[in-house]
Amino acid sequence: MRRVVCMLAVVVMACSAHAQQVGSDARAQELIRELKLQVLPKESGYLGIIGVTPQTADVNGRRLSVQSQNYYMLTRELPINYLHKLEPADTHILIEGGPVDYFIFHPDGQVEKVTLGMDLARGERPVVAVPPGCWKALVLRPGASYALMANALSPEFTLDRVRIGENEVWVKRFAGKADWATPQKLREFIGPNWLP
């Protein structure tokens, strides 16, 4: 009996040590190192390329892979993914950490806020699908150390099919569309990437 209690105590201590590691700044640094994540210029956060599918499709006269996949991570030091617009559809899947608030701006003028996380009772979801042609900004929730995600872009991501940043015309277009869509907040989403 004593031996069983001792073994159980060792298991509980090991699980506690692992639980303390997950969600910590040390764990974030381990993930950056092990997954070889690099700081993503302009957008911010960390990116790691996984690959592209061998299947291709004709897209606007170009041959593109049907999908590309990446790791993406926000940390306490880099907690925001600045506003950008992608031509491909972009699906984000939470691997570890979070939550992360997604601010999505649709071409028709609609806005939405979706939270990537595991607290389903509070409306969080482990997958966020952003339709093609939308602007988006991601913000790590205060108190979270990091969020590691995988994202799949369909068709594949290419540098010439992304627009990073916006201008005052864009701010005026979306200001007031939701209670959180204040001019100040929208400018924060653009951050250092103001366009003429």
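This passage describes charged pairs, aromatic pairs and backbone features in a predicted model. Residues are numbered from 1 along each chain as its sequence is written, and side-chain values use heavy atoms, with hydrogens and water left out. Because the model is predicted, local features need pLDDT of at least 70 and side-chain atom pairs count only at pLDDT 80 or more, while totals for chains, interfaces and linings use all residues.

Side chains of opposite charge can pair when their charged atoms come close. The structure holds twelve salt bridges (a side-chain nitrogen of Lys or Arg within 4 Å of a carboxyl oxygen of Asp or Glu). One of them joins Asp-101 and Arg-141, with an N to O distance of 2.8 Å. This pair links distant parts of the chain, as Asp-101 lies in strand β8 (residues 100-105) and Arg-141 in the loop between β11 (135-140) and β12 (146-154), 40 residues apart. Helices (H or I, at least four residues) and strands (E, at least two) are DSSP runs, numbered from the N terminus. Asp-101 is buried, with a relative accessible area of 7%, whereas Arg-141 is partly exposed at 28%. Here buried means under 20% relative accessible area, exposed over 50%, and partly exposed in between (1.4 Å probe, protein chains only).

A further salt bridge, at 3.3 Å from N to O, is formed by Glu-188 and Lys-185. Both residues belong to helix α4 (residues 183-190) and are three residues apart, about one turn of the helix. Glu-188 is partly exposed at 38% relative accessibility, and Lys-185 is partly exposed at 32%. Arg-33 and Glu-34 also form a salt bridge, with their closest N and O atoms 3.9 Å apart; both of these residues are exposed. In addition, a network of salt bridges links Arg-27, Glu-30 and Glu-96.

The structure also holds ten aromatic pairs. Rings of Phe, Tyr and Trp (its six-membered ring) pair if their centres lie within 6.5 Å; planes under 30 degrees apart count as stacked, over 60 as edge-to-face and the rest as tilted. In one pair, the ring centres of Phe-105 and Trp-170 are 4.8 Å apart and the planes stand at 70°, so the pair is edge-to-face. Phe-105 in strand β8 and Trp-170 in helix α3 (residues 168-174) are 65 residues apart, and the pair links distant parts of the chain. Phe-105 is buried at 0% relative accessibility, and Trp-170 is buried at 3%.

The rings of Trp-135 and Phe-174 are likewise edge-to-face, because their planes are at 65°, with centres 5.7 Å apart. This pair connects strand β11, which holds Trp-135, with helix α3, which holds Phe-174, over 39 residues. Trp-135 and Phe-174 are both buried. Ring pairs join these four residues with Phe-103, Trp-180 and Phe-189 in a cluster.

Most residues other than glycine have a negative phi, and most peptide bonds are trans. The peptide bond from Gly-98 to Pro-99 is cis, with omega near 10°, and Pro-99 lies in the loop between β7 (89-97) and β8. The bond between Ser-154 and Pro-155 is also cis, with omega about -10°; Pro-155 is in the loop between β12 and β13 (162-164). Lys-42, which is not a glycine, has a positive phi of about 70° and is exposed at 58% relative accessibility. Asn-60 has a positive phi near 50° and is exposed at 75%.
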